[in-house]
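Visitor: I am new to this one. Could you walk me through it, one question at a time?

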Amino acid sequence: MQTSPEHAYPDHWEADVVLRDGGTARIRPITAEDADRLVSFYEQVSDESKYYRFFAPYPRLSDKDVHRFTHHDFVNRVGLAMTAGDEFIATVRYDRIDGQGRPAGPPADEAEVAFLVQDAHQGRGVASALLEHIAAVARERGILRFAAEVLPANNKMIKVFRDAGYTQRRSFEDGSVHLTLDLEPTEESLAVQRGREQRAEARSVQRLLSPGSVAVVGAGRRPGGVGRTALRNLLQAGFTGRVHAVNSAFPEELDTVDGVRAVRSLGEIDEPVDLAVVAVPAERVPEAVADCGEHGARGLVVVSAGYAETGSAGRERQRELVRQARSYGMRIIGPNAFGIINTADSVRLNASLAPESPAPGRIGLFTQSGAIGIALLAGLHRRGAGVSSFISAGNRADVSGNDFLQYWYEDTGTDVVLLYLESIGNPRKFTRLARRTAAVKPVVVVKGARHSGSAPPGHAVPVTRIPDATVGALMRQAGVIRVDTVTELVDAGLMLAGQPLPAGPRVAILGNSESLGLLAYDACLTEGLRPLPPLDLTTGATPADFRAALARALGDDRCDAVLVTAIPWVGEDGVTEAGDGESLAAALTEAAAASPAKPVAVVHVEMGALADALAAASSTRPPAPPRAGATAAGSAPGDGGRTGSSTAGAGTGRTRGAAAQTPGRDSARTAAASAPRATATGEAVPRGPGLAGPEDRGRPDGAGGAAAQTEPAPRPPGQGGPHLPAPGPGGLGAGGRVGQGRVGRGRIGRRGRSRARGVRGGGGRARGGGGRARGVRGGVVPVGAAVRARSRAAGSGGTG
């Protein structure tokens, strides 16, 4: 580029921005090569806008004007252009002036600023974005104030200056409004910038998740293949918009594919296409992106592989993909993405490779790994829970977890945010966004690649080597709940989606195992809780005994939470009642429903039926027909106490939320959340053939590890949920048994923060194939992870 010999082209001023409507544009300095673009841009501006800019009729730019507006020294005279594709859509410039308004150089610290926005792009927040960038450039060059002359009738421009948040002065002189802005950032100006950023990025994500029409580019002529699979998934989910199959190789005589219109390019579609799922080989993606951009597509989900994960050539291909898409104002999920899902009934979007959509729910789920995304969706499905939206971003060359934090912050359909992150591209921004989101809804994170010191090769992020301890500290300061495994991520999400916080650290402990009660008591003391002496109901206790004891504990003003321990009991006929968990689940549910403000956790050993019954009570799936003579778990009276996940639109009875938590916020900050709401149960099984041990922990398919595997409930026709093979006896936890888990324990942290961890009996973790926990209303949760999540939400800024 031609530049002044004294000052090199400032390429660090180039930036991609998201505008108010969710579209993207690029801001860069104007150079001498832009003369033709400037003339073309000016010809498209209305006479009224030209009059507002020059205070007189000015139909065309003279050669002298064009030279002046395209030749800058990047110090005293600077011009920035906002571009869409290769065309200008807006310009801004400043000229340094002295006290008499004449051109000047340093040390003069004031500049005159002027904007011009193409009429078709007014109202998109273009001028506000340009003002932010030109102000930053001016500060870099030693300019402290902007002066602007605006006609009184130019209300839009006056509003841009007024709303910028800078300290300003206004006067009326010679028929125009004279504005002076101090460019030193203020709390108000920073809040304005972040508010604009939040609204723009949230809107861009909303456009991706709620398209009116979707085109699958690369849908094959025959069943099978990635493109045809994506098309099938869209149709099977019942997408409420219009679907198009696109493939340049379709023969002319082919009219439909899977019942939708088949076209060779987006140009054959006589309506706008909001979202394109690109499933063609990497070398053909540029052609597909150009087709999408030229015909007005707003966003892309690129499932094609062959990018940065393959090496240096793939990285360059990925950078070019982003440049190309942004030139058309499109945002990208991917490349190498698994896809996106929105379960809202008004959308029902499954633009992913997941064969079936999960059930509707209140959990927002973001992953960078497709394999982990599969495991998380499967885990939620097995436990009867659903999601509001799901994103697996792959290489996340454009849209990242930060963008979705912006969206979920204001999404009324999402109560809990779950993130699986392998890299954090902008730690400062992530911390800021996570802190704000955690103040209104819980944010739970698993950080992968904790000890490798680098991001996965496909991720388009700066190479940073932040120690894991530093990452943990950042998350704690932001109020983020950090867990260790993807299973704990699911467990914590299920609890937080439907559980209240305890009012204090006092814990009542009851059960039919004296040993388990003592372990729980010791764990509570170790972590700073205030447990009451354990109540031993003896091994002969029946479900009725549990119900009565739990009701008494919940009615006791001296306790804020209850921990129930349960082992199989001996019936009147001498038979061990290991399988009669449904009766115990119904009894515990009935007692818990009477005191919905107090959390209750249940740790159970060798009682798979209890685990299944509690999971069924919290399921978002339609219930299966009850067995003859069986008492359905969760059928006890007191539905007002329901706190678990519910289908979209159904009331949950939760007491969470910024407003609902206000009365107990101070006490919650000093309370260790000892247990989830309603009841949660843990099942420990001895390790034996076919059961997973510690060496299996962390496998993405959920085999062994901390994952609980239960046989999914029968699914009615059309009901969603990942279509995965049924658990087998060799590692998925036969019969609803679990790989491993921990009894929850909590402690009060300094400055009111509370934490909880798994019980370690006698200094070691209680394993043996695993313990686990299930929420009567809130889903299946290992007590340790869930309690830790609850207590962190209570004490670290998350309102729960």
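Visitor: Which loop holds asparagine 336?
Guide: This is a predicted model. In it, asparagine 336 has a positive phi of about 60°, although it is not a glycine. Its place is the loop between E15 and E16.

Visitor: Is asparagine 336 buried or partly exposed?
Guide: Buried would mean a relative accessible area under 20%, and exposed over 50%. Asparagine 336 has 29%. Therefore asparagine 336 counts as partly exposed.

Visitor: Which residue does a cis peptide bond join to glycine 334?
Guide: Omega is about 0° at this bond. The partner lies in the loop between strand E15 (331-333) and strand E16 (339-342). The partner is proline 335.

Visitor: Where is proline 107 found?
Guide: A cis peptide bond joins proline 106 and proline 107, with omega about 15°. Proline 107 sits in the loop between E4 and E5.

Visitor: What is the relative accessible area of threonine 538?
Guide: Threonine 538 is not a glycine, yet its phi is positive, about 70°. The residue lies in the loop between strand E25 (535-536) and helix H16 (543-555). Threonine 538 is partly exposed, so its value falls between 20% and 50%. The relative accessible area is 43%.

Visitor: In what order do the strands of the open sheet run?
Guide: The sheet has 8 strands, and their pairing is mixed. Its edge strands, each pairing on one side only, are strand E1 (15-18) and strand E7 (168-173). Neighbouring strands are turned by 25° against each other on average, direction ignored. The order is E1-E2-E3-E4-E5-E6-E8-E7.

Visitor: How many bridges join E7 to strand E8?
Guide: Strand E8 covers residues 176-182, and E7 and E8 run antiparallel. One bridge pair is phenylalanine 172 with valine 177 in E8. The number of bridges is 6.

Visitor: Which residue takes a positive phi in the hairpin of E7 and E8?
Guide: The hairpin has 2 residues between the strands. The phi in question is near 50°. The residue is aspartate 174.

Visitor: Which residue in E8 does glutamate 149 stand opposite?
Guide: Strand E6 (residues 145-150) pairs with E8 in the antiparallel sense, over 6 bridges. Residue 149 falls within that range of E6. Opposite glutamate 149 stands histidine 178.

Visitor: How many residues of E8 are buried?
Guide: E8 pairs with E6, and 6 bridges also join E7 to E8. E8 is mostly covered. Of its 7 residues, the buried number is 6.

Visitor: At what angle does helix H2 run to E5?
Guide: Helix H2 (residues 47-54) lies across two strands, E4 (87-97) and E5 (110-117). Angles here go from 0 to 180 degrees between N-to-C directions, so a value by the upper end means opposite directions. For H2 and E5 the angle is about 175°.

Visitor: How far apart are the axes of helix H1 and helix H3?
Guide: Two packed helices are described by an angle and a distance between their axes. Helix H1 (residues 35-44) and helix H3 (residues 63-70) pack at about 115°. Their crossing is right-handed. The axes are 10 Å apart.

Visitor: Which residues in H3 do Ala35, Leu38 and Val39 meet?
Guide: Ala35, Leu38 and Val39 belong to H1. H1 packs with H3. The residues met in H3 are Val66, Phe69 and Thr70.

Visitor: How many residues of helix H14 are buried?
Guide: Helix H14 spans residues 486-496 and is mostly covered. Its buried residues include Val486, Glu488, Asp491 and Met495. The buried number is 11 of 11.

Visitor: What share of the protein's residues count as buried?
Guide: The protein has 20 helices and 31 strands. It exposes about 31,200 Å², with carbon and sulfur atoms supplying 51% of that. Of the 800 residues, the buried share is 57%.

Visitor: Over which residues does pLDDT stay under 50?
Guide: The mean pLDDT of the protein is 77, and 72% of the residues reach 70 or more. One stretch under 50 is residues 620-789. Another stretch below 50 is residues 794-800.

Note on methods. Residues are numbered from 1 along each chain as its sequence is written. This is a predicted model: local features need pLDDT of at least 70, side-chain atom pairs count only at pLDDT 80 or more; totals for chains, interfaces and linings use all residues. Side-chain values use heavy atoms; hydrogens and water are left out. Two strands pair if DSSP finds at least two bridges between them. Helices (H or I, at least four residues) and strands (E, at least two) are DSSP runs, numbered from the N terminus. Contact means heavy atoms within 4.5 Å. Buried means under 20% relative accessible area, exposed over 50%, partly exposed in between (1.4 Å probe, protein chains only). Accessible areas come from the Shrake-Rupley method with a 1.4 Å probe; for residues, only the protein chains shown count as cover. pLDDT is the predictor's confidence in each residue, from 0 to 100. A crossing is left-handed if the near helix is turned anticlockwise from the far one by less than a right angle, and right-handed if clockwise.
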